[in-house]
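Visitor: I would like to learn how to read a fold feature by feature. Please walk me through one.

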Amino acid sequence: MVLNPHPLRAVIGRAPGRVNLIGEHVDYNGFAVLPMAIDRRTEVRATPLAAPVLRVCNADPGRFPAEEIPLAALATRPPRRTWVDYVVAAARCRPPVRGVELLVSSTVPVAAGLSSSSALVVATFLALGEAGDRLALAEEARLAERYVGTLSGGMDQAIALLGRPGHCVRIEFRPLRARPIAMPEELVVVVLDSGVPAPKGGAAQDGYNARVRECLAAAQALGAPAGGLLADVPGADRRARAGVLADPLLRRRASFVFDEAARVDEAEAALRRGDLAALGALLDRSHAGLRDLYDVSCPELDALVARAKAAGALGARLVGAGFGGCAIALTTRQAADGFLARLGGPALVCVAAGGAERVPV
Ligand code: GLA
């Protein structure tokens, strides 16, 4: 891999946000997911500086204040629970040897469950070095993002790097693999914002990390090898055994994860045969599980999903980690105008887009 730790010219790293069609909270359990990159992007423009500092600034400085970090202090800067943490998470892996300014701008809605944070991490990696092997970089970015304190599973960094226009991508883990699946022409994916912020570095982080720990405990209770994940639980009857676990919390968490993992396979099959009604029904069941078994929805998201269904969505569910943020709803090209009109309120029609890139300027 050719790195460019001291750009003599300006370079832009660009990475997309994502919508996960289905497979929520299963990546850190070792199961496959089905996201698509969206046509909303974060850009990080790297410009050389004379002073030996990393200057991190934002096109929206009122909301995202700048920070200047001496290069010598980069490795020891602790996470500060600010937006700059995501830039530092990547910069620690690509430490510049000369001063550089990183100017960030983004069209990915922030704290909305559309992975603006991983888009920022991946865009920073590409502003500071070549992509090289994308699977390897996705894994590096996943581990790098642990710096902010979230035990996230790797879906977001992977889709930011591996997105394909017109496709969603089946992503598998351990080892990381990606298989693009063409989106049916007539399928339209609409994103709706609940207006409840779900910042990855805020309260949602504690809720998320708690789910990761609960799933590890459930895996142990179900006989996974030491340190194993729910995907490592042996036996064709594991879903049935999850349903009768003694601890009611672990029972609900593990039941959801096995059900959601099965829905990913069913959704892939539905996509391949163009059965949008079946796909929609799977999204509905996913939302019900996220709400009733996994406890990551909120009244505003439930109301939004109900509104989307009442307006005629084929299916709808919260997207991303939950605790607020956005929902997705599916409709068809033919029905989209009527659906959006009945829905009222702001909605974002998303197109499956390509992955991150590095562009010299
Ligand atoms: C966040 C994490 C992902 C994934 C989702 C939930 O976006 O970063 O790894 O776990 O939540 O599916």
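Guide: We will take sheets, helix packing, burial and cysteines in turn.

Guide: This is a predicted model, where local features need pLDDT of at least 70, side-chain atom pairs count only at pLDDT 80 or more, and totals for chains, interfaces and linings use all residues. Residues are numbered from 1 along each chain as its sequence is written, and side-chain values use heavy atoms, with hydrogens and water left out.

Visitor: How do I read a sheet? What is the strand order in the sheet of six strands?

Guide: Start with the definitions. Strands (E, at least two residues) and helices (H or I, at least four) are DSSP runs, numbered from the N terminus. Two strands pair if DSSP finds at least two bridges between them. Here six strands form an open sheet, ordered S4-S3-S5-S2-S1-S12, with mixed pairing. Strand S4 (67-70) and strand S12 (357-360) are at the edges; each has a single partner strand, so one side of each lacks a neighbour in the sheet. Direction ignored, neighbouring strands of this sheet are turned by 20 degrees against each other on average.

Visitor: Which way does S3 pair with S4, and which way with S5?

Guide: S3 and S4 are antiparallel, over four bridges. Leu54 has Ile69 in S4 as its bridge partner. S3 and strand S5 (residues 100-106) are parallel, over five bridges. There, Asn58 has Val104 in S5 as its bridge partner.

Visitor: What happens at S12?

Guide: S12 pairs with strand S1 (residues 11-20) in the antiparallel sense, over four bridges. Arg14 stands opposite Glu357 in S12.

Visitor: Why is S3 described as largely enclosed?

Guide: Check accessibility. Buried means under 20% relative accessible area, exposed over 50%, and partly exposed in between (1.4 Å probe, protein chains only). Strand S3 (residues 53-58) has five of its six residues buried, so the rest of the structure largely encloses it.

Visitor: Now the sheet of four strands. Which strands are at its edges?

Guide: The order is S9-S10-S8-S11, an open sheet with antiparallel pairing. Strand S9 (315-318) and strand S11 (348-350) are the edge strands, each pairing on one side only. From one strand to the next, the twist averages 25 degrees. S9 runs antiparallel to strand S10 (residues 326-332), joined by four bridges. Leu318 stands opposite Ala327 in S10.

Visitor: What lies across this sheet?

Guide: Contact means heavy atoms within 4.5 Å. Axes are lines fitted to C-alpha atoms, for helices over the stretch in contact, and angles run from 0 to 180 degrees between N-to-C directions. Helix H8 (residues 276-292) lies across strand S8 (187-193), S9 and S10, at about 30 degrees to S9.

Visitor: Where does Thr331 sit, and what does it touch?

Guide: Thr331 is in strand S10. Thr331 is buried, at 2% relative accessible area. Not counting residues up to four places away in sequence, Thr331 touches Glu186, Leu187, Val188, Val190, Leu314, Ala336 and Phe339.

Visitor: How do I describe two packed helices?

Guide: Give the angle between their axes and the distance between the axes. Take helix H3 (residues 134-145) and helix H4 (residues 155-162): their axes come within 8 Å and cross at roughly 145 degrees. The contact includes Leu135, Leu137, Ala138 and Ala141 of H3, and Ala158, Leu161 and Leu162 of H4.

Visitor: What about a single helix residue, Leu250?

Guide: Leu250 is in helix H7 (residues 248-272). At 12% relative accessibility, Leu250 is buried. Leu250 touches Glu214, Ala217, Ala218 and Leu245, leaving out residues up to four places away in sequence. The C-alpha atoms of Leu250 and Val319 are 22 Å apart, with the two residues 69 apart along the chain.

Visitor: Last, how many disulfides are there?

Guide: A disulfide is a pair of cysteine sulfur atoms within 2.5 Å. The count by this rule is zero. Cys168 is in no disulfide; the nearest cysteine sulfur, in Cys350, is 13 Å away. Cys168 is buried, with 0% relative accessible area.

Visitor: Why does Cys350 not form a bond with Cys326?

Guide: The sulfur of Cys350 is 8.6 Å from that of Cys326, its closest cysteine sulfur, which is too far for a bond. Cys350 is also buried, with a relative accessible area of 7%.
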